[in-house]
Amino acid sequence: MSESDRETSRSFSPAELQKIADRHGIDMAEVAPRTPEERLRVLRQILSQQDVAFPISPVRAEVYFQNAAGGVPFTVGALSETSVDLVEYAAEQHHDRYSFEEHLSWACLLSDQQRTKHQFACREYLAGEELFEIGGTVIPDYYILNARIYQQTGWQLATVNRIIPAELFFTCHSYRFFPVTTFMRPLEQDYLQEPDIGHDVAGHVATFTIPTVARLMQDHGKARDLIYKERDERLSKANNEQQAKGICTRADELLAYAERIYWFTVEFGLVMQDDELRAFGAGILSSPGETAYSVHSPAANRILIDPSNEQNLVLLVCTDYLISEYQKTYFITQDFSLLESLTPERIVRAAEKAARVPHFSWRDVIPGDTVLNLGQAATTVNEKYYRLVAGQSMDDCMLRTAIRNMQVLSKETDPLDDGTQLDLNTLWSVPMPELPELLKGAPMPKFKPQASDVELKPISFVADYK
Ligand SMILES: [Fe+2]
């Protein structure tokens with residue numbers, strides 16, 4: 001979605017605004033940015049702090065302060081010597097240009113989020129929000145937020161104007177820059193296809209304070225570096241355009257598979273804490289509805305995994321998903337320390353395995369899984385093939401996975417070595433008449449997984465959600 005395609009907020013009458021504020025428990029008088037003097041006083045005070053993990057040198061702090069005081073809009077690299085080139089995706093935050101309705105939209109979202117976060121977020125996340133003062137009734141001023149984040153974690157904000165390509169997204173991560181939009185969803189709009197400040201800041205930023213999660217984020221950046229370094233080496237030896245294209249496609253595919261580990265942890269991860277389920281994924285915690293759903297809904301599968309276990313990691317990297325609705329499966333790690341095993345090298349190796357083997361859809365439950373909740377939407381791995389042959393409906397994730405697996409299983413040669421790596425765009429091209437042939441000899445389907453297929457592990461849930 002381009003900037004110009006975005007929906008803009010319809011205008012509301014003062015009475016309508018009051019009603020919206022009341023419904024979310026917001027005092028309209030508090031929806032007011034700091035005065036310029038107060039803003040600079042706070043910024044000066046933050047910049048002067050030296051007893052922090054990443055102190056800012058007085059010289060750099062002064063330049064940063066003068067930029068803010070002089071009305072220079074916030075942009076990437078405002079604080080450190082290193083920066084990242086965001087090319088056409090670079091944006092600036094003009095904090096003084098946000099409208100009252102945009103600030104109110106932030107305030108309403110945060111008010112809704114806080115209700116569920118305080119019940120279901122892990123304690124480190126809540127502490128991170130407090131540390132960065134995420135909350136309040138005004139869209140965060142990136143000059144202030146960025147200085148706070150940098151001092152505590154070494155991460156910085158990289159302002160972008162829309163969703164950016166995965167390669168650039170993870171390049172930023174490699175240098176501890178986190179891409180954030182400067183756009184706030186229109187008032188009274190709950191669902192957005194693309195991330196906004198409500199997701200990027202109120203979802204992600206607090207997770208930078210969880211050391212293993214922050215390291216996992218950066219390690220995804222380093223995994224990207226390894227994948228594209230190898231791509232460039234192979235490209236330098238490519239003999240023709242077709243070979244070069246295949247090499248580029250393979251690198252993009254490997255990154256897409258690596259991204260699944262990020263998806264099921266950084267975006268949609270759950271962790272056990274004091275024998276209860278808690279969320280730490282930014283995708284979960286930026287959505288008040290999904291926060292409660294991820295922990296409580298009987299519809300979702302909840303599968304306990306140990307990321308340090310090779311088989312569990314392959315399960316993660318081979319699980320496909322959709323971004324357009326609440327997740328059908330959440331993976332739970334027993335402890336944050338287990339994420340430490342996800343080094344850049346392991347992430348790349350797992351992605352390489354994913355390129356060779358059949359994948360699972362986000363509904364699949366696999367014999368041997370340690371299941372905390374067998375979701376209403378759960379299916380066995382074979383169901384998708386039979387539905388495909390029978391022409392029955394299924395979601396895009398099942399369909400995509402079924403067709404891809406058919407292609408992989410029908411190949412006689414190793415997809416990594418034949419120069420014709422899987423192209424995600426051609427997944428729809430399996431000739432339908434050949435499908436029954438491909439299914440010959442496949443085990444009979446069992447459409448609903450049984451409790452006996454998996455290890456069901458009862459856990460005590462958090463108090464009932466209202
Ligand atoms: Fe995100």
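Both faces of strand β6 are covered in this predicted model. T329, F331 and T333 point to one side, Y330 and I332 to the other, and every one of them is buried. That makes five buried residues out of five for β6, which spans residues 329-333, so the strand is largely enclosed by the rest of the structure.

What does β6 pair with? Strand β5, residues 301-305, pairs with β6 in the parallel sense, over five bridges. If you want a place to start tracing that pairing, take N301, which stands opposite T329 in β6. Strand β3, residues 270-273, is also joined to β6, again running parallel, this time through two bridges. Here L270 has I332 as its bridge partner in β6.

Just past β3, things look quite unlike the buried strand. D274 sits in the loop between β3 and β4, the latter covering 276-279. With 8 C-beta neighbours inside 10 Å, D274 counts as exposed, since the cut-off for that label is 12 or fewer. Its backbone is worth a glance too: phi of D274 is near 50 degrees, a positive value in a residue other than glycine.

E133 tells a similar story. Look for E133 in the loop between α5 (123-132) and α6 (142-153). Phi of E133 is near 55 degrees, again positive in a residue that isn't glycine. Is E133 buried or exposed? It has 12 other C-beta atoms within 10 Å, and so E133 is exposed, given that 12 or fewer is what the label asks for.

Let's step back for the overall picture. The chain has 17 helices and eight strands. Of its 466 residues, 42% count as buried. Contacts reach far along the sequence: among those between residues at least 6 apart, 75% join residues at least 24 apart.

With that many helices, the packing between them deserves a tour. Start with α8, residues 197-204, which is mostly covered, eight of its eight residues being buried. The buried set runs through I197, G198, H199, D200, V201, A202, G203 and H204. And what does the covering? The elements over the buried residues of α8 include α4, β2 (177-181) and α11 (282-285).

Of those, α4 can be followed in some detail. Helices α4 and α8 pack at an angle of about 40 degrees, and their axes are 11 Å apart. That angle makes α4 oblique to α8. The crossing of the two helices is right-handed. On the α4 side the contact uses W106, L109, L110 and Q113, which meet I197, G198 and A202 of α8. By residue type, this contact of α4 with α8 splits into five nonpolar and two polar, with no charged residues.

Now turn to α2, residues 36-47, and its packing on α3. The angle between α2 and α3 is about 170 degrees, with the axes 10 Å apart. This makes α2 roughly antiparallel to α3, because an angle over 145 degrees earns that description. L40, L43, R44 and L47 of α2 meet A61, Y64, F65, A68 and A69 of α3. The contact of α2 with α3 is made up of eight nonpolar residues, no polar ones and one charged.

Y64 turns up again in the surroundings of A78. That alanine is found in the loop between α3 (58-69) and α4 (100-120). Leaving aside residues up to four places away in sequence, A78 touches Y64, N67 and N146. A78 is a loop residue that is buried, with 23 other C-beta atoms within 10 Å, where 20 or more is the cut-off. A78 and A147 are 69 residues apart along the chain, yet their C-alpha atoms are separated by 9.5 Å.

One more helix pair rounds off the walk. Helix α7, residues 166-174, packs with α10, residues 241-267, at an angle of about 60 degrees, their axes 10 Å apart. The two are therefore oblique to each other. In passing α10, α7 makes a left-handed crossing. A166, E167 and F170 of α7 make the contact with L255, A256 and E259 of α10. Sorted by type, the residues of this contact of α7 with α10 are four nonpolar and two charged, with no polar ones.

Notes: Residues numbered from 1 in each chain as written. Predicted model: local features only at pLDDT ≥ 70, side-chain atom pairs only at ≥ 80, totals over all residues. Axes fitted to C-alpha atoms, helices over the stretch in contact; angles between N-to-C directions. Helix = DSSP H or I, 4+ residues; strand = E, 2+ residues; numbered from the N terminus. Parallel < 35°, antiparallel > 145°, perpendicular 65-115°, else oblique. Left-handed = near helix turned anticlockwise from the far one by under 90°. Contact = placed C-beta atoms within 7 Å. Nonpolar A, V, L, I, M, F, W, Y, C, P; charged D, E, K, R; others polar. Pairing = 2+ DSSP bridges.
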